[in-house]
Each structure stands twice: as C-alpha cells, then as structure tokens.
Amino acid sequence: MARASRPRLNRRVPTHQLVVADATLRGRDGRWQIGVDDGRITAVGADPLSGHEELDAAGALVTESFVNGHLHLDKVYTLDRIGDAALTAYTSGEMGSALHSIELASAVKDDYDRSWIEPNARRAVLEAVRYGVRHVLAFADVDTKARLEGVIPLLALREEFRGVVDLQVVAFPQDGLLRDPGAEELVREAVELGADVVGGIPWIEHTDAEAHEHVRRMCELAAARGRRVAMLVDDAGDPSLRTTEMLAAAMLQHDLVGRGVANHARAVGLYARPSLERLAGLAKRAGLGFVSDPHTGPLHLPVRELTAMGIPVALGQDDVEDAYYPFGRHNMLEIAFLAAHALEAVDTAGIDLVYDAVSTTAATVLGVGDHWLEVGGSADLVVHHHPSLREVLAEHAAPAYVVASGRLVASSTSTTTFHHDRLDEGVIA
Ligand SMILES: [Zn+2]
C-alpha cells in the first residue's frame, strides 16, 4: 500500500500527544482514529483527532504490539559457536535425542561470558523493537556451567530497554537442579539480583520423584520471593512425561495461581484425549498459561485443542540462530505465519488464533494486564502495511510504525525498483 505521509506536526491545536489516524481495527467496521496520552490509549473513535504527532495508518490494520512468550535470549546467535550436531539431535523428536541435544548444546557454555553474550542479546532486543515486540519472556541459563554470565547482561538490558521492550528475565536451571548440584544456589542468587521469574526444567531430572522435588523447590522459591514461575516441561516425544501436571499442581499448593507458564510441553501432543482434558482442567484451576513453538520441532502442544478448552496458549520465538533452531528474526508475525502451517490454522479462525497467540493471548499468559487496544489500555501498537490480517500474515513484514509506551520507536518500509524496460508497468515485453 502506498504511504505518502510520515509523522508530522499538526497545524490545529492538538488534543492528544499522539494520534494514529485512519486505522483499520480487528473486528470493527470502518476507519478509526486512536488518541494516545502519557503512554495510554485515551480515545478510539470515528471522528478526526489531532495530535502533536500524527501517524497515518492509511487504512492499514493497527493492533496491539507483539508479545514473545518464550526466548532463550542468552543463547541467540550462538549456532556458529557450536555446529549443528545438537540441532540434528533436538529436531529428531526422540526423548533420548532431546536429552543428548541439551548435552551437546551445553558446549557453548564452556566459554560462557557476558562480554560476548551482551552484544548478541542486545541485537535480538533491537530486532524486537524493529518488529514491534513489546514484551519478552527471556530465559537465561543459570547453572554450574553458565553461572550468572547469561542472567547479568539480560538484567542490564531489561533496565535499559524498559518501556520499549520489557524483558521478564527467567533464571533458568537448564541442566536440572538435582542433576546439577550447585544450580539451585545460583538460581537463588539470580533472583536476589532481580530476576523476575523462577525457571525450571523438571522433565530432565532422572526420576519422577526428583522432577517433583525440582518443581516444589522452584515454586517454593517463587512464592517466597514474590516471583512468577516459567518452566520447560515435557519437552520430548514421550507421552508418559507428566511434569506439566506437576507444575500446575505445585502452583495450586504454593499460592501461585495465575502466575505460571508452561513452555514447550511437546509430550502433551501425544496424550490421549482423557489425559489432555484432565490436564486442561487442572491448568485452568491453577491459572497456568502455555507457550508453544511449533516451528522448532517435529512435535508440539495441541494449541488449537487447548485454546478451545479455554486455556490461554501463546507462541514463542524460542530460539534465534542457536543449537536448537537455525533461523529466527525475533519477528512474531513470522512465528505466527509458521504456526499457521504447523497447526493447520489457515482459515479465518485459525489466523485470528495465531495472531492472538503472539499478541493479546500472549500478554495474558505473561501476566501483562493492560495490553488491549481500547481506552485505558497501554499505548503499545503496531501499524501494519495492509488492512487484513491475512495479508499482514502473508507478508510478515516489519510494521510500518511501532509505538511503545505512547512513543514512536521504529518505522519500516520495503521498496523494490524494477530494472527492466516496462516491468514497473507489469509487463516484460
Ligand atoms: Zn525453549
């Protein structure tokens, strides 16, 4: 779509700090004007508004900005340090291979150092700004190999980018707690340093009893320190894995209702229907949200089924060019586009579902309470290049404008010049 206008000063007496004009909104007919003041949406209406700064949506779709439910932010851009043996093992979908891949991938931690982790993580956060990602559940390995080398730069970036890209930093004991003596003390230290979320990976422990103990200790810590929990659960092709259930049950026991996230949970995709329904019932009681990343493996959570059961399910980027996934731009539209295929969600309802899963539903999963395009909601918006969700998803381009906390923080265009006689007129002869 041609877009002639740029942010400009308005000659009328402005009534809002920022106005997004001529917007198409999801689920509403007509064109809309959005007024923004002090980081909040203060007006949504059909009548013209004036602002100190105005962004012309030119009829294109405007929505809430994106939310990334899961990212290993300390490992971004590390694939070239490791080689792809771990990648081959992880994507084969076998439990033994998944465990093996984690062991192979841990080679990157032989020289884990904040001095090279920080610029990598910064690059991925800048990509978040470009693509309109406003909130990220950002995992940092905290274990006896990584020590605090990953979590410290992420905590610094969190402070630096607050209000533009909000990082919820997860202290994540990637190699287990009972398998990796010393990891628990490091997680406690990371929480004292300010990590927002207590992590976990119970399925990796050697027995169910130890998995239980892993979940119990981390939930106890989260409850004691007023933190949320986020765990990688049941991340292998084995339907006997039950650590998602353990997490939900522990949230109920430790007064963490509505404050937990289950990531990966691939094994749930192999559950028989009665087991799935039982888990969904428990997850609902516990207020447990899910994050799936169907582009990173051959097996995934049954996203559509759980959503239909009333469970909030987000999508996550999971990895950017690391030992588990070789691509990734921190573009949540790309993740939704890939998920639309993996989940066979290409009809209108499916497209709505995957878009929600990288925006409003993902905000719910992460406990972000005001991520709504309505009066009173946070002024975190993306202005796209097309009016329909289908076109936006098909192109999965960086938004024309990204507004964070009521301020324009990024704008993107894409242009092609044809260099062949009359190609610009649509003919080649
Ligand atoms: Zn992951």
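Aspartate 318 has a relative accessibility of 0% in this predicted model, and because residues under 20% count as buried, aspartate 318 belongs to the buried class. This residue offers a convenient way into the structure, since it takes part in the zinc site described next.

The zinc ion is held by four protein donors: NE2 of His70, NE2 of His72, NE2 of His264 and an OD atom of Asp318. These atoms lie 2.1 to 2.2 Å from the zinc ion. The angles among the 4 donor atoms run from 88 to 164 degrees, and the site is classed as irregular. A tetrahedral assignment would require all angles to lie between 85 and 135 degrees, so the upper value of 164 degrees rules that assignment out. Along the sequence, the donor residues follow the spacing H-x1-H-x191-H-x53-D. Histidine 72 and aspartate 318 show how the site links distant parts of the chain, being 246 residues apart. Histidine 72 sits in strand E6 (residues 66-72), whereas aspartate 318 lies in the loop between strand E13 (313-315) and helix H11 (332-342). Like aspartate 318, which has 0% relative accessibility, histidine 72 counts as buried, here with a value of 3%.

Turning to the secondary structure, the protein contains 14 helices and 16 strands. Four of the strands make up an open, antiparallel sheet in the order E5-E14-E15-E16. Strand E5 (62-64) and strand E16 (407-411) are the edge strands; each has a single partner, so one side of each remains without a neighbour in the sheet. On average, neighbouring strands of this sheet are turned by 25 degrees against each other when direction is ignored. Within the sheet, strand E14 (residues 381-383) and strand E15 (residues 401-404) run antiparallel and are joined by 3 bridges. Valine 382 has valine 402 of E15 as its bridge partner.

At the level of the whole chain, the radius of gyration is 22 Å, which agrees with the value near 22 Å expected for a compact globule of 429 residues. Taken along the principal axes, the C-alpha atoms fill a box of roughly 65 × 55 × 45 Å. Buried residues account for 58% of the 429 residues, and both histidine 72 and aspartate 318 are among the buried ones. Contacts between residues at least 6 apart in sequence are made up, to 76%, of pairs at least 24 apart. The zinc site provides a local example of such distant parts being brought together, with histidine 72 and aspartate 318 separated by 246 residues.

Technical notes. Residues numbered from 1 in each chain as written. Predicted model: local features only at pLDDT ≥ 70, side-chain atom pairs only at ≥ 80, totals over all residues. Heavy atoms only, no water. Donors = N, O, S within 2.8 Å, 3.2 Å for Na, K, Ca; no water. Tetrahedral: all angles 85-135°; square planar, octahedral: opposite > 155°, others 65-115°. Helix = DSSP H or I, 4+ residues; strand = E, 2+ residues; numbered from the N terminus. Buried < 20%, exposed > 50% of the residue type's maximum accessible area, 1.4 Å probe, protein only. Pairing = 2+ DSSP bridges. Axes fitted to C-alpha atoms, helices over the stretch in contact; angles between N-to-C directions. Rg over C-alpha atoms; globule rule 2.2 N^0.38 Å. Contact = heavy atoms within 4.5 Å.
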